[in-house]
Amino acid sequence: MFSTKKKICFIGEQNVGKSSLLSLLQGREVQKERVPTVGLEVEDSVLNDKKCSIWDLGGQKRFKFMWQDFLKGAGLAVIVCDSTEKNVNQTKEIYNRFERTLGTKIIAIANKQDLPGRLSAQEVQKRLGGLKTYGMSAIRPELRERMKEILEYEIATF
Ligand SMILES: Nc1nc2c(ncn2[C@@H]2O[C@H](COP(=O)(O)OP(=O)(O)O)[C@@H](O)[C@H]2O)c(=O)[nH]1
Ligand SMILES: [Mg+2]
């Protein structure tokens, strides 16, 4: 039977924890000192008992021009922010830019909820104009199941 692998893209500024969330999902240990993602990393994962590919693009400025191409064919774009005031504003700009990318469902993850003074997921959602936002902390291995559930729930409908 013909089937296409679902594509999920993680986007967001550098250092917000995109690669760490991918590691969490894949059951790898999340390192405190991470090497920034250079270019693109694509990994297979199994969600809802089906293979899908997860794309993690380096957030450095020099890669941003690639985002548009990178999102082509994606069923789900996950915009990650670190839940600080400054970063949420930057994230809003990213969201505005990709909002109308045809056929791509977008959700947000308010990462680093373990750090003091972070904006709550609810507050981040409000600031992102109501974009569905989930709170997360990539450094907490016990949240792996939750991360998986979020993606499984969100891809179930595309
Ligand atoms: N405290 C805390 N640190 C995190 C969290 N997620 C990622 N980090 C740290 O933030 C830094 C950047 O993470 P990374 O995954 O490389 O970000 P990326 O550039 O978006 O891929 C690393 O030092 C991580 O250990 C989190 O939920 N809480
Ligand atoms: Mg990275």
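Which residue in S6 is the bridge partner of Ala108? In this predicted model, the partner of Ala108 is Thr133.

## The sheet

Ala108 and Thr133 form a bridge partnership where strand S5 (residues 105–110) runs alongside S6, the two pairing in the parallel sense over three bridges. Both strands belong to an open sheet of six, ordered S2-S3-S1-S4-S5-S6, with mixed pairing. The edges are taken by S2 and strand S6 (133–135); each has a single partner strand, so one side of each is left without a neighbour in the sheet. On average, and ignoring direction, neighbouring strands here are turned by 25° against each other.

Helix H3 (residues 85–98) packs on this sheet and touches strand S1 (6–11), strand S4 (76–81) and S5. The direction of H3 makes about 160° with that of S4.

## The S2–S3 hairpin

At the S2 edge, strand S2 (residues 40–47) pairs with strand S3 (residues 50–57) in the antiparallel sense, over eight bridges. Leu40 stands opposite Leu57 in S3. Two residues lie between the strands of this hairpin, and Asn48 takes a positive phi near 50°.

## The nonpolar core

The largest nonpolar core has 38 residues; those touching the most other members are Ile8, Cys9, Phe10, Leu21, Ala77, Val78 and Ile79. Two or more residues come from each of S1, helix H1 (18–26), S3, S4, H3, S5 and helix H5 (144–155). S4 gives the most, with six residues.

Ala77 is in contact with Cys9, Ile11, Leu71, Phe98, Thr104 and Ile106, leaving aside its neighbours within four places in sequence. In soluble globular proteins, nonpolar side chains tend to be buried together.

Terms used: Residues are numbered from 1 along each chain as its sequence is written. Chains are lettered from A and ligands numbered from 1 in the order in which they are written. This is a predicted model: local features need pLDDT of at least 70, side-chain atom pairs count only at pLDDT 80 or more; totals for chains, interfaces and linings use all residues. Two strands pair if DSSP finds at least two bridges between them. Helices (H or I, at least four residues) and strands (E, at least two) are DSSP runs, numbered from the N terminus. Axes are lines fitted to C-alpha atoms, for helices over the stretch in contact, and angles run from 0 to 180 degrees between N-to-C directions. Two residues are in contact if their C-beta atoms, placed from the backbone, lie within 7 Å. A nonpolar core is a set of buried Ala, Val, Leu, Ile, Met, Phe, Trp, Tyr and Cys residues joined through C-beta atoms within 7 Å. A residue is buried if 20 or more other C-beta atoms lie within 10 Å of its own, exposed if 12 or fewer, and partly exposed in between; C-beta atoms are placed from the backbone.
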